[in-house]
Amino acid sequence: MSDQTPQSGYAAAHRTLEGKSALFAVLTTVVILIGGIVEIIPMFSATAGPEHLAGVTPYTPLEQAGRDIYTSEGCYVCHSQMIRPTRAEVLRYGEWTRAGEYEYDHPFQLGSRRMGPDLQRVGGKYPDAWHFEHMRDPRSTSPGSVMPPYTWLHEGTYDVADIQASLRALQKVGVPYTDEEIANAPQAIQAQAQEITARLAQAGITTQPDRKIVALIAYLQRLGKDGKAAIAAQQAAQAAVPPGATP
Amino acid sequence: MQYTAGTSVAGAARVEGVKYDEDIVKMFLIASVTWAVVGLLVGVIIALQLAWWPANLGLPWTTFGRLRPLHTNAVIFAFGGNIVFTGMYHSMQRLLKTRMWSDTLSRIHFWGWQLIIVSAAVTLPLGLTQAKEYAELIWPIDIAITLIWVVMAVNFFGTLAIRKVEHLYVAIWFYMSFVLVIAVLHITNSMAMPATLTRSYPVYAGLTDALVQWWYGHNAVGFFLTTPFLGLMYYYLPRISGRPVFSYRLSIIHFWALVFLYIWAGPHHLLYSALPEWAQTLGMIFSVMLIAPSWGGMLNGLLTLRGAWDRVRTDPILKFLVVAVSFYGMSTFEGPMMSIRAVNLLSHYTNWTIGHVHSGALGWNGMISFAMIYWLVPELWKRPLAHPTWPTAHFWLATIGIVLYTVSMWAAGLTEGLMWRAFDDSGLLKYPNFVDIVNQLHPFYWLRLVGGLMFLTGAIMMAINVFQTISRPSSSTAAAA
Ligand code: HEM
Ligand code: HEM
């Protein structure tokens, strides 16, 4: 093999490098850091990073509790939360997703697989009672579904102190919860949960406000709603600006 | 020194008076075989759940949403991780002509890694997760991974420092990139604020979190399922076939181009999302470019076998290797294609991705691992396989299994992708009811299950073969190669 024992050129230079393991390691690290730095650092800049969308709000404590159930159960392995800007997707799921809608999502839940429908704008699509029944037995509302039943959410309860711990951690990573909101979380949770159980009661379903399913319904029912309103407001504002004017 | 692993580096444990640590290699090999069966079994279970939902069993611990991460973690980090470490500890000592720097660190690495796997197998079914794909494990386990990784890295570089050979062979370059890059990826992506002992929230939000995660996720593929396995290829392919590596120059280009380009490709997982346009474009361009070094590596592997083709017909280990390298080529052709925005619009979110994943995972990672295991067991335990004819049966079961798996998933992916976006004459969705589309997929899911079962059966045969071989009394050692 002529090229097994290089005498000159880059192969010979490389041969020297192979004798210097520390330098080799440093070079490898530098080479892989370039791509990472170029792609990730600008994401933290206001101009190059994800656009902000005025009107998107953090999750309420009960909704965040529901979101924790969503992540814990691994709903994201079957459901995406990202509507692509194509006609078919907009027809099926609604307004396509903007970057700013995810501003308070820790962790993100875009998903990579659609075994079931996208849930980005499922909020308000069905009554609470539909979700209650669907989560208990998906085939009762959607014949032929392959979604597993989640009956334990109807029996299990969430823990209010636990939710407060979550809110404190989220506050530290930049979600604008005030100390007061966190302190008053138990009351806020109670109030929102009772609204849901009241609506469920109207549909003939009795359950307790401290059930996990109630928190999950709170989360599902808000998905995409604030974003949709914010997008509508943004579009209205843009339409109101006369062409050529500097905003 | 001749530039091959095959001819110059003898396999015996007595070169120049060096006594290699063979026990650590055996330990990792046994762990790898065991976790392979577990991981594949969970794969078959979740495949059944998609075809037949009652297999979720109505229990929280056994639902698809919790078992799927168990499958991915078990096959990638338990099966994949352990086989890579098997090969690293075996080949490094020989390539560097020295025992590992510290036997103690080797053992801490082994037991620490197994403990991490067991804690993953306990926490994931309990619903304790960070809900980021391939980075699901909760923060205390993440810290344990970091510590064990550092132990491994110290031992790795310690061994390089005491080497008796001047030049680092190409396999070592690839191992090194694995050791370094996984550390960088893991630490950056796992930055999170704990709320409780089992729950935490990433410091990144929304699309930034998504970009960091897919920068990690794609490079978990790149630097966990690709570069270390290429290291294995560069050592075991020449070693097993007895042919020198086809081209030294090609391996230099292969290495540097691959590690440089891979790291940019993450955003191809976020095409058509609201991720800033510039990032999506970078991801797409670099992914398409990746085909060049990937195919360079594949050709370097296949051409190494030139002159050994007659043996491929009879030697099941070479058969496994040829199929492995071919599937590497196939999935690295498909991947760049799926990174083209127009193609991704159809493939994204569908079973096509699943087909792509498993042509790489089963075809490339699975098959090269099986080749190594069948070759290493007689070598390490110094005795012939208990069932010398089984590897050929395993080979055919696995190959047909992969074909059934990937073909059914491509068909399923195209079916759902096209039905999701089909319009009727009046310009409305032709299949507005999502479940109608889901129900078209059942035949494909059953077919995939058959393929998965065949693949699993082969792996169980391998496990039986390995365990019967190594538990036989060592009086039958004479026949060792
Ligand atoms: C018996 C063999 C196997 C079977 C039956 C199987 C089955 C499955 C199933 C049913 C899924 C979920 C698909 C979906 O969500 O639509 C999955 C996902 C996955 N499997 Fe396997 N699997 C097998 C072997 C492997 C191996 C050996 C590896 C890796 C080395 C692997 C890596 C993965 C990965 C990474 C995913 C996630 C894919 C994604 O998120 O896009 N699998 N597998
Ligand atoms: C040149 C090489 C490759 C490129 C450019 C590439 C590209 C891609 C693309 C575009 C996707 C789909 C992303 C989406 O639409 O969500 C994907 C998914 C995936 N690929 Fe590859 N691929 C390559 C090689 C491989 C290999 C060799 C393996 C495995 C051994 C692999 C494993 C995966 C996995 C596990 C996923 C699923 C990720 C997820 O959604 O969870 N890829 N790849």
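A:Pro107 sits in the loop between helix H4 (87-93) and H5 of chain A. Helices here are DSSP runs of H or I with at least four residues, numbered from the N terminus. A cis peptide bond joins A:His106 to A:Pro107, with omega at about -10°. Most peptide bonds are trans.

The model is predicted: local features need pLDDT of at least 70, side-chain atom pairs count only at pLDDT 80 or more, and totals for chains, interfaces and linings use all residues. Residues are numbered from 1 along each chain as its sequence is written, chains are lettered from A and ligands numbered from 1 in the order in which they are written, and side-chain values use heavy atoms, with hydrogens and water left out.

Stay with chain A and turn to helix H10. H10(A) covers residues 185-202. Its 18 residues should span 26 Å at 1.5 Å a residue (the expected span is 1.5 Å times one less than the number of residues). The end C-alpha atoms are 26 Å apart, which agrees. Several residues of H10(A) are buried, among them A:Ala185, A:Ile189 and A:Leu200. Buried means under 20% relative accessible area, exposed over 50%, and partly exposed in between, with a 1.4 Å probe and protein chains only. Seen down the axis, the buried residues of H10(A) fall within an arc of 140°, so they line one face of the helix. That arc is taken from the directions from the helix axis to the C-beta atoms. On the other side of H10(A), A:Gln187 and A:Gln202 are exposed. The buried residues pack against helices H3 (61-73), H5 (128-136), H8 (160-172), H9 (179-183) and H11 (212-222) of chain A. Contact means heavy atoms within 4.5 Å. Just after H10(A), A:Gly204 takes a positive phi of about 85°.

Now cross to chain B. In all, 101 residues of chain B are in contact with 88 residues of chain A. The area buried between the two chains is about 8300 Å². Buried area is the accessible area (1.4 Å probe) that two parts lose on being put together, summed over both. Carbon and sulfur atoms give 66% of that area. In chain B, B:Tyr201, B:Trp256 and B:Tyr349 lose the most area to chain A, together 10% of what that side buries.

B:Val435 lies in helix H16 (residues 434-438) of chain B. B:Val435 is buried, at 12% relative accessible area. Beyond its neighbours within four places in sequence, B:Val435 is in contact with A:Ser142, A:Pro143, A:Gly144 and A:Ser145.

Chain B also holds iron. For the iron atom of ligand 1, the protein donors are B:His71 (NE2) and B:His358 (NE2), lying 2.0 Å from it. Donors are N, O and S atoms within 2.8 Å of the metal (3.2 Å for Na, K and Ca); water is not among the atoms, so sites may look incomplete. The pair links distant parts of the chain: B:His71 is in helix H2 (residues 64-96) and B:His358 in helix H14 (residues 351-381), 287 residues apart. B:His71 is buried at 11%, and B:His358 is buried at 13%. For the iron atom of ligand 2, the only protein donor is B:His356 (NE2), at 2.1 Å. B:His356 lies in helix H14 of chain B.

Two loop residues end the tour. B:Lys97, between H2 and helix H3 (103-123) of chain B, has a positive phi of about 50° although it is not a glycine. B:Ala131 has a positive phi of about 60° and is not a glycine either. B:Ala131 counts as buried at 2% relative accessibility.
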